[in-house]
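Please work through the exercises below with the sequence and the coordinates at hand. Each task is followed by a solution in steps.

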Amino acid sequence: MHVGQRATVVLPYLPGRTYTGYVRYLYPHFNEKTRTMTVSIEIQNPDQILRADMYATVTFDVPAAKHVLAVPEEAVI
């Protein structure tokens, strides 16, 4: 995760609508029990449909790793 990373947001109660935004801020705390962190995403909201504390499914665009060693899972002991 990094600031500026692209995020796609889908809300289950607004089928067919997809919002695209960017990571604005990564909060410095990490919950070790749930393995989660809080991220602020900036999204255009011209219709004023999106509200604070709404639940959504968020997918982040993660660039493919380059110049890394890759081995089959079966090869790891």
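The exercises concern a pocket, a surface patch, salt bridges, backbone angles and separations along the chain.

**Conventions**

This is a predicted model, in which local features need pLDDT of at least 70, side-chain atom pairs count only at pLDDT 80 or more, and totals for chains, interfaces and linings use all residues. Residues are numbered from 1 along each chain as its sequence is written, and side-chain values use heavy atoms, with hydrogens and water left out.

**Exercise 1. Describe the largest pocket by its volume, its lining and the elements that contribute to the lining.**

Step 1. The search runs on a 1 Å grid over the protein atoms alone; a pocket is an open set of points with protein on both sides within 12 Å along at least five of seven lines, and lining residues have an atom within 4 Å of a point. Grid points are joined across faces, edges and corners, and the volume is the space filled by probe spheres set on the points.

Step 2. By this procedure, the largest pocket holds about 640 Å³ of space.

Step 3. Its lining consists of 16 residues, and those nearest the centre are Val 39, Ile 41, Met 54, Ala 56 and Val 58.

Step 4. Strands are DSSP runs of E with at least two residues, numbered from the N terminus. The elements giving two or more residues to the lining of the largest pocket are β3 (36-43) and β4 (57-60). Strand β3 supplies the largest share, 5 residues.

Step 5. For the chemical character, Ala, Val, Leu, Ile, Met, Phe, Trp, Tyr, Cys and Pro count as nonpolar, Asp, Glu, Lys and Arg as charged, and the others, Gly among them, as polar. The lining of the largest pocket then divides into 13 nonpolar, 1 polar and 2 charged residues.

**Exercise 2. Which residues make the nonpolar surface patch?**

Step 1. Patches are made of residues with over 30% relative accessible area and no salt bridge; nonpolar side chains (Val, Leu, Ile, Met, Phe, Trp, Tyr) are joined within 5 Å. Accessible areas come from the Shrake-Rupley method with a 1.4 Å probe, and for residues only the protein chains shown count as cover.

Step 2. Met 1, Phe 30 and Met 37 make the patch, which covers about 300 Å².

Step 3. Met 1 is located in the segment before β1 (6-10). Its relative accessible area of 48% makes Met 1 partly exposed, the class between buried (under 20%) and exposed (over 50%).

**Exercise 3. How many salt bridges are there, and which parts of the chain does each one link?**

Step 1. A salt bridge is a side-chain nitrogen of Lys or Arg within 4 Å of a carboxyl oxygen of Asp or Glu. The count by this rule is 2.

Step 2. One salt bridge joins the side chains of Asp 61 and Arg 6, at 3.4 Å from N to O. Asp 61 lies in the segment after β4 and Arg 6 in strand β1, so this pair ties together parts that are 55 residues apart in sequence. Asp 61 is partly exposed at 36% relative accessibility, and Arg 6 is partly exposed at 38%.

Step 3. Another salt bridge pairs Arg 17 with Asp 47, with the closest N and O atoms 3.2 Å apart. This pair links distant parts of the chain, 30 residues apart: Arg 17 is in the loop between β1 and β2, and Asp 47 is in the loop between β3 and β4. Arg 17 is partly exposed, with a relative accessible area of 32%.

**Exercise 4. Where do Gln 48 and His 67 lie, and are they exposed or partly exposed?**

Step 1. Most residues other than glycine have a negative phi.

Step 2. Gln 48 is not a glycine, yet has a positive phi of about 60°. Gln 48 belongs to the loop between β3 and β4 and is partly exposed, at 47% relative accessible area.

Step 3. His 67 likewise has a positive phi, near 60°. His 67 is placed in the segment after β4 and is exposed, with a relative accessible area of 85%.

**Exercise 5. What C-alpha separations apply to Arg 35 and Gly 4, and to Val 76 and Tyr 19?**

Step 1. Arg 35, in the loop between β2 (18-31) and β3, is exposed at 66% relative accessibility. The C-alpha atoms of Arg 35 and Gly 4 are separated by 22 Å, with their positions 31 residues apart along the chain.

Step 2. Val 76, in the segment after β4, is exposed at 58% relative accessibility. Val 76 and Tyr 19 are 39 Å apart, C-alpha to C-alpha, and 57 residues apart in sequence.

Technical notes: 1 Å grid on protein atoms, 1.4 Å probe; cavity = no way out; pocket = protein on both sides within 12 Å on 5 of 7 lines; lining within 4 Å. Helix = DSSP H or I, 4+ residues; strand = E, 2+ residues; numbered from the N terminus. Patch = residues over 30% accessible without salt bridge, like charges linked within 9 Å, V, L, I, M, F, W, Y side chains within 5 Å. Buried < 20%, exposed > 50% of the residue type's maximum accessible area, 1.4 Å probe, protein only.
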